[in-house]
Amino acid sequence: MLIFYFMVFGGLAAMVAALEFSKTSRDRINTSSTFSSFKNNYLVVYSLMMAGGWLQGPYVYYLYSQYGFRKGEIGQLFIAGFGSSMLFGTIVGSLAGNRVEREHRSFDQQWLSVTFSQAIFLGNGLVAIVSGSFGNVLVGALALGPVAPFDAAACFLAIGMAIIMSSWTENYGDTYENKDLLTQCKGAAVAIASGEFITLQFPFQLSRYYGLIKFMSTEICTFNMLFLFSPPRYEKIALLGAIQSLFEGSMRTFVFLWTPALSPNGEDIPHGFIFATFMMASILGSSIASRLMARSSLKVESYMQIVFVISAAALFLPVITSFLLVPSEKGGGISFSGCIQLIGFCIEACVGIFWPSIMKMRSQYIPEEARSTIMNLFRIPLNIFVCIVLYNVNVFPIIVMFGMCSIFLFVASLSQKRLKVIAESQKSRSQEWTAMKEMDTEAEPLNI
């Protein structure tokens with residue numbers, strides 16, 4: 001069955017190559033040499049740190065199973081990672097400065113999307129592929145055992161730390177508006193949960209529009225009004241957080257599920273190479289995202305609905321195959337059902353599209369001064385959900401868990417559709433008010 005793995009990997013690689021080599025200047029954004037140097041330094045460190053993670057990823061479940069842990073026990077061990085992420089990730093993320101380094105150095109905000117896209121392409125793509133293949137060599141060809149990738153990961157992390165210590169300067173954030181952690185969390189919670197009143201001093205001549213009221217020609221009415229776009233704005237924040245939580249929660253559960261799904265009866269599968277295949281799919285998604293985002297005519301809110309539906313369908317495949325195909329015998333290579341699922345699990349292409357796209361939507365809808373805190377607050381229910389699923393992994397059959405993830409992704413698609421409707425409605429109202437102000441400005445004063 002080795003030829004099957006090479007065919008899937010090669011097919012994805014061919015599509016990535018076709019997309020990358022067919023790019024035109026329309027698909028690229030030019031940056032300054034200073035920013036390029038700054039960006040490359042970041043990407044090197046990011047790639048090294050990601051290599052440390054990707055080397056371990058494919059073998060965590062396998063390593064535990066080699067020590068004799070059962071699926072339920074492995075799920076509980078996974079909880080330690082997600083639980084620490086929920087606790088410390090929220091705190092550390094909120095302690096970050098309000099102003100990021102790119103602003104301190106006066107870099108163009110549009111260049112940030114370039115950096116994110118390349119970070120996904122390199123760190124979550126190429127580096128992950130090389131790491132997965134390298135891990136496969138360590139465990140398989142060199143027969144060093146499932147611990148070897150973890151030892152190699154420590155070396156890459158140490159190199160990354162050395163570069164950080166020697167070339168990075170401290171980012172102190174806003175020195176004039178430091179807020180304590182509790183204040184930041186309260187502000188983020190208000191932004192998520194409430195339709196806060198925002199008033200505008202909106203001057204215009206009411207007599208222009210209301211014939212029953214007469215004003216002196218020089219009199220202007222300052223009209224204190226509830227900013228009509230405020231509630232949708234906060235609803236957009238809540239929807240965006242729900243979308244990210246639903247997608248990330250499903251994908252994190254998938255990280256645990258793909259190994260037992262492809263080898264339910266102890267089939268011998270090349271974990272590292274399969275992982276590299278997933279990451280090639282992620283590169284494909286990142287390449288597609290860079291093209292989509294380079295075109296102003298395409299809206300993120302529109303194509304992400306399709307991405308979530310495709311993701312939901314892909315994670316529903318194990319449910320379908322469990323009813324239509326005969327289970328494989330114990331041992332041997334990957335089954336026919338596993339082959340179908342492996343192709344479907346190239347859903348990682350959707351992950352490659354998701355990250356740069358969600359980053360762009362964050363910058364559009366979430367105030368920068370509270371962005372980090374808000375998104376970390378949304379990760380709390382995400383991690384709680386994943387921990388609950390993993391703790392009860394023996395209670396639910398694997399197809400039930402895949403079915404739940406599929407439902408969550410479908411809900412994410414509906415939330416994305418709602419977000420699009422709100423964004424378009426707000427844009428339409430904004431244009432109407434702008435037109436009204438222009439009409440009032442051009443109008444002649446009334447002489448009474």
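Contacts between residues far apart in sequence dominate this predicted model: of the contacts in the chain with a separation of 6 or more, 86% join residues 24 or more positions apart. The chain contains 16 helices and two strands, and 45% of its 448 residues count as buried.

A pleasant place to begin among the helices is the pairing of α10 and α14. Two packed helices are described by the angle between their axes and the distance between the axes. Here the axes of α10 (residues 271-293) and α14 (residues 348-365) come within 6 Å and cross at roughly 40°. With that angle, α10 is oblique to α14, and the crossing is right-handed. On the α10 side, the contact is made by F278, M279, A281, S282, G285, S286, I288, A289 and M293. The α14 side contributes E348, A349, G352, I353, P356, S357 and K360.

Helix α11 (residues 300-315) offers a neat check on helix geometry. At 1.5 Å a residue, its 16 residues should span 22 Å, and this agrees with the end C-alpha atoms, which are 22 Å apart. Which residues of α11 are buried? They are V300, E301, Y303, M304, Q305, V307, F308, S311, A312, A314 and L315. As a guide to reading such a list, an α-helix has 3.6 residues a turn, so residues three or four places apart point the same way.

In helix α9 (residues 230-262), S245 makes a good single-residue example. Is S245 buried or exposed? Its relative accessible area is 14%, and because this falls under 20%, S245 counts as buried. Leaving aside neighbours within four places in sequence, S245 is in contact with F378 and L382.

Aromatic rings supply a further set of contacts, with 18 aromatic pairs counted in the model. One of these joins Y64 and F69, whose ring centres lie 6.1 Å apart with the planes at 80°, so the pair is edge-to-face. The angle decides that label because planes over 60 degrees apart count as edge-to-face. Both partners fall in the intermediate class of accessibility: Y64 is partly exposed at 24%, and F69 is partly exposed with a relative accessible area of 36%. Y64 and F69 also belong to a wider arrangement, in which ring pairs link them with Y61, F78 and F256 into a cluster.

Note on methods
Residues numbered from 1 in each chain as written. Predicted model: local features only at pLDDT ≥ 70, side-chain atom pairs only at ≥ 80, totals over all residues. Heavy atoms only, no water. Helix = DSSP H or I, 4+ residues; strand = E, 2+ residues; numbered from the N terminus. Buried < 20%, exposed > 50% of the residue type's maximum accessible area, 1.4 Å probe, protein only. Contact = heavy atoms within 4.5 Å. Expected span 1.5 Å × (residues − 1). Phe/Tyr/Trp six-rings, centres within 6.5 Å; stacked < 30°, edge-to-face > 60°. Axes fitted to C-alpha atoms, helices over the stretch in contact; angles between N-to-C directions. Parallel < 35°, antiparallel > 145°, perpendicular 65-115°, else oblique. Left-handed = near helix turned anticlockwise from the far one by under 90°.
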